[in-house]
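I opened this model to look up a handful of local features and to write down what I found, entry by entry.

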Amino acid sequence: VATALAMAYAGAAGETEAEMAAALRLDGTSGTGEAVHAGFGTLGDVMNSGGEGYRLRSANRLFGAEGYPFRPAFVRLLKERYLAEPVPLDFGHPEDAAEEINDWVSDRTNGRIEDLVGPGVLSKGTRLVLANAVHFKGRWADEFRPKHTKDAPFRLEGGGEAVVPLMHQTGHFRYAESEGLQIVE
């Protein structure tokens, strides 16, 4: 999310730029302007380089309404620092535009995210969509055994239940908890 916001920040000016800098917590210690974008570029390079036992791939793109061209310096910055290609898109046909965005996201996430933009999300008045897709594939430090996966009820927020496959494992793992959140390593 921060990467998508930083791409938007790269095209902002004046009061909007200042508000985006505050939202991204760019207080001057992290630099401003080119230093910030260079940092996000380095982050992207590290993420996309992968490592032993895992693959992490990030992809960014701006879909802008046809007839609203991007400034060349902005396009250059996005390509150099975010490996993001701004592309024009016809939002006059919202369902076709959603399909094009969803196809791009699906391709970048190896089919794991297929319907990022749902029906009715886009309209003829849409002017810009910022997309940031992340695909992670890695080995578990402590793998779940398939034979220990069983269908069981999963409680839904509204009070209902759905039967889904749940993985089970017994072991000693680090655990943390705070309001509304439980984490196991």
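Entry 1, a residue after a helix. I began with Asn-110, which is partly exposed because its relative accessible area is 43%. Asn-110 sits in the loop between H5 and E3, and I kept in mind throughout that this is a predicted model. I then looked up the backbone of Asn-110 and found a phi near 50°, a positive value in a residue other than glycine. Most residues other than glycine have a negative phi, which was my reason for writing this one down. In the chain, Asn-110 follows H5.

I looked for another case and noted Leu-83, which is not a glycine and yet has a positive phi of about 50°. Leu-83 is placed in the loop between H4 and E2, and with a relative accessible area of 58% Leu-83 is exposed.

Entry 2, helix H5. Does the span of H5, residues 94-108, agree or disagree with what 1.5 Å a residue would give? I found that the 15 residues should span 21 Å and that the end C-alpha atoms are 21 Å apart, so the two values agree. I next listed the buried residues of H5, which are Pro-94, Ala-97, Ala-98, Ile-101, Asn-102, Trp-104, Val-105 and Ser-106. An α-helix has 3.6 residues a turn, so residues three or four places apart point the same way; I read the list of buried positions with that in mind. What covers these buried residues of H5 includes three strands, E1 (54-65), E2 (87-89) and E3 (128-138).

Entry 3, Thr-109. Is Thr-109 buried or exposed? Its relative accessibility is 0%, so I recorded Thr-109 as buried. Thr-109 lies in the loop between H5 and E3, and a polar atom of its side chain is 3.1 Å from the backbone nitrogen of Ile-113. Leaving aside residues up to four places away in sequence, I found Thr-109 touching Ala-133, Val-134 and His-135.

Entry 4, salt bridges. How many salt bridges does the structure hold? I found 3, and I took them in turn.

The side chains of Glu-85 and Arg-61 meet in a salt bridge, with N to O at 3.4 Å. Since Glu-85 lies in the loop between helix H4 (72-82) and E2 while Arg-61 lies in strand E1, the pair ties together parts that are 24 residues apart in sequence. I compared the burial of the two partners: Glu-85 is partly exposed, with a relative accessible area of 40%, whereas Arg-61 counts as buried at 14% relative accessibility.

The side chains of Arg-108 and Asp-107 also meet in a salt bridge, at 2.5 Å from N to O. Arg-108 counts as partly exposed at 22% relative accessibility, and Asp-107 is partly exposed as well, with a relative accessible area of 46%.

Arg-174 forms a salt bridge with Glu-185, and the closest N and O atoms of this pair are 2.6 Å apart. This pair links distant parts of the chain, with Arg-174 in the loop between E5 and E6 and Glu-185 in the segment after strand E7 (181-184), 11 residues apart. Arg-174 is exposed, with a relative accessible area of 62%, and Glu-185 is exposed, with 61%.

Entry 5, back to Arg-61. What else does the side chain of Arg-61 reach? I found that, besides the salt bridge with Glu-85, the side chain of Arg-61 reaches the backbone oxygen of Glu-85 at 3.3 Å. Not counting residues up to four places away in sequence, Arg-61 touches Met-7, Ala-84, Glu-85, Val-87, Trp-104, Arg-108, Val-129, Leu-130 and Ala-131. Two of these names were already in my notes: Trp-104 is among the buried residues of H5, and Arg-108 is the salt-bridge partner of Asp-107.

Entry 6, a nonpolar patch. Which residues make the nonpolar surface patch of about 300 Å²? I noted Phe-173, Tyr-175 and Val-184. Phe-173 is found in the loop between strand E5 (161-166) and strand E6 (175-178), and its relative accessible area of 31% makes Phe-173 partly exposed. The loop between E5 and E6 is also where I had placed Arg-174.

Terms used. Residues are numbered from 1 along each chain as its sequence is written. This is a predicted model: local features need pLDDT of at least 70, side-chain atom pairs count only at pLDDT 80 or more; totals for chains, interfaces and linings use all residues. Side-chain values use heavy atoms; hydrogens and water are left out. Helices (H or I, at least four residues) and strands (E, at least two) are DSSP runs, numbered from the N terminus. The expected span of a helix is 1.5 Å times one less than its number of residues. Buried means under 20% relative accessible area, exposed over 50%, partly exposed in between (1.4 Å probe, protein chains only). Contact means heavy atoms within 4.5 Å. Patches are made of residues with over 30% relative accessible area and no salt bridge: like charges are joined within 9 Å, nonpolar side chains (Val, Leu, Ile, Met, Phe, Trp, Tyr) within 5 Å. Accessible areas come from the Shrake-Rupley method with a 1.4 Å probe; for residues, only the protein chains shown count as cover. A polar contact is a pair of N or O atoms within 3.5 Å; within protein, one must be able to donate a hydrogen and the other to accept it, and residues adjacent in sequence count only if both atoms are side-chain atoms.
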